[in-house]
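Here are some short exercises to work through with the model open in your viewer. Try each task before reading the solution below it.

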Amino acid sequence: MAKRRAKFTFPTDLITEPVIFDLGHKFQVVTNIRRADVREDVGWVILELEGEEEEIERGLDWVTSMGVRIDPVSGDVIES
């Protein structure tokens with residue numbers, strides 16, 4: 001199993017959409033929200049994604065196609 005952290009930045013029109021929920025249901029990926037800030041006009045979430053590397057990639061490609069910006073994350077995240 002691979003584990004990856006990413007920052008999702010949502011455009012205004014996707015803030016109220018269940019993108020993270022759908023990611024976990026459409027793909028074999030477990031999502032864990034590590035940090036987030038969601039407001040009326042802007043939203044971002046730092047996620048930990050766990051699953052097979054290919055499935056994580058497919059899921060991230062799908063999220064990108066929805067219009068969400070994805071940036072890699074290292075450090076500065078609450079460790080478990």
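**Exercise 1. Work out how S2 and S3 are paired in this predicted model, and in which sense.**

Solution. Start with the strands themselves: S3 covers residues 43–51, and S2 covers 29–38. Next, follow the bridges between S2 and S3: there are nine, and the pairing is antiparallel. To anchor this in your viewer, find Arg-35, which stands opposite Ile-46 in S3.

**Exercise 2. Find the order of the four strands in the open sheet, and explain why one side of S2 and of S4 is left without a neighbour.**

Solution. Take the pairings in turn.

- S1 (2–10) and S3 pair in the antiparallel sense through nine bridges. Ala-6 helps to locate this seam, since Leu-47 in S3 stands opposite.
- S1 and S4 are antiparallel as well, with four bridges. Ala-6 serves again here: its bridge partner in S4 is Pro-72.

Put these together with the S2 and S3 pairing, and the order reads S2-S3-S1-S4, an open antiparallel sheet. S2 and S4 (69–72) are at the edges with a single partner strand each, so one side of each has no neighbour in the sheet. As a last step, consider the twist: neighbouring strands are turned against each other by 25 degrees on average, ignoring direction.

**Exercise 3. Describe how the two helices lie across the sheet, and at what angles they run.**

Solution. Begin with H1, residues 19–26, which lies across S1, S2 and S3. Its direction makes an angle of about 170 degrees with S2. Now turn to H2, which lies across S1, S2, S3 and S4 and runs at about 5 degrees to S1.

**Exercise 4. Check the span of H2 against what 14 residues should give, then decide where its buried residues fall.**

Solution. First the span: at 1.5 Å a residue, H2 should cover 20 Å, and its end C-alpha atoms are 20 Å apart, which agrees. Next, list the buried residues: Glu-55, Ile-56, Gly-59, Leu-60, Trp-62 and Val-63. Looking down the axis of H2, they fall within an arc of 160 degrees, so the buried residues line one face of the helix. The other side of H2 carries the exposed residues Glu-54, Asp-61 and Ser-65. Then ask what the buried residues pack against: S1, H1, S2, S3 and S4. Finally, step past the end of H2 to Gly-67, which has a positive phi near 110 degrees.

**Exercise 5. Repeat the face analysis for the buried residues of H1.**

Solution. The buried residues here are Val-19, Ile-20 and Leu-23. Seen along the axis of H1, they keep within an arc of 100 degrees, so they line one face of the helix. Turned away from that buried side are Phe-21 and His-25, both exposed. The cover over the buried residues of H1 includes S1, S2, S3 and H2.

**Exercise 6. Classify the aromatic pair of Phe-27 and Trp-62, and say which parts of the chain this pair ties together.**

Solution. The structure has two aromatic pairs. In the one formed by Phe-27 and Trp-62, the centres are 5.9 Å apart and the planes make an angle of 50 degrees, which puts the pair in the tilted class. Phe-27 belongs to the loop between H1 and S2, while Trp-62 is in H2, so the pair ties together parts 35 residues apart in sequence. Both Phe-27 and Trp-62 are buried.

**Exercise 7. Decide whether Glu-55 and Glu-50 are buried or partly exposed, and list their contacts outside the four nearest places in sequence.**

Solution. Take Glu-55 in H2 (residues 53–66) first. Its relative accessibility is 14%; buried means under 20%, so Glu-55 counts as buried. Beyond its sequence neighbours within four places, Glu-55 is in contact with Phe-27, Gln-28 and Val-29.

Now move to Glu-50 in S3. At a relative accessible area of 31%, Glu-50 is partly exposed. With neighbours within four places left aside, Glu-50 is in contact with Met-1, Ala-2, Lys-3, Gln-28, Val-29, Val-30 and Ile-56. For one of these contacts, look at the backbone: the C-alpha atoms of Glu-50 and Lys-3 are separated by 4.4 Å, although the two residues are 47 apart along the chain.

Conventions:
Residues numbered from 1 in each chain as written. Predicted model: local features only at pLDDT ≥ 70, side-chain atom pairs only at ≥ 80, totals over all residues. Heavy atoms only, no water. Buried < 20%, exposed > 50% of the residue type's maximum accessible area, 1.4 Å probe, protein only. Contact = heavy atoms within 4.5 Å. Pairing = 2+ DSSP bridges. Axes fitted to C-alpha atoms, helices over the stretch in contact; angles between N-to-C directions. Expected span 1.5 Å × (residues − 1). Arc of directions from axis to C-beta. Phe/Tyr/Trp six-rings, centres within 6.5 Å; stacked < 30°, edge-to-face > 60°.
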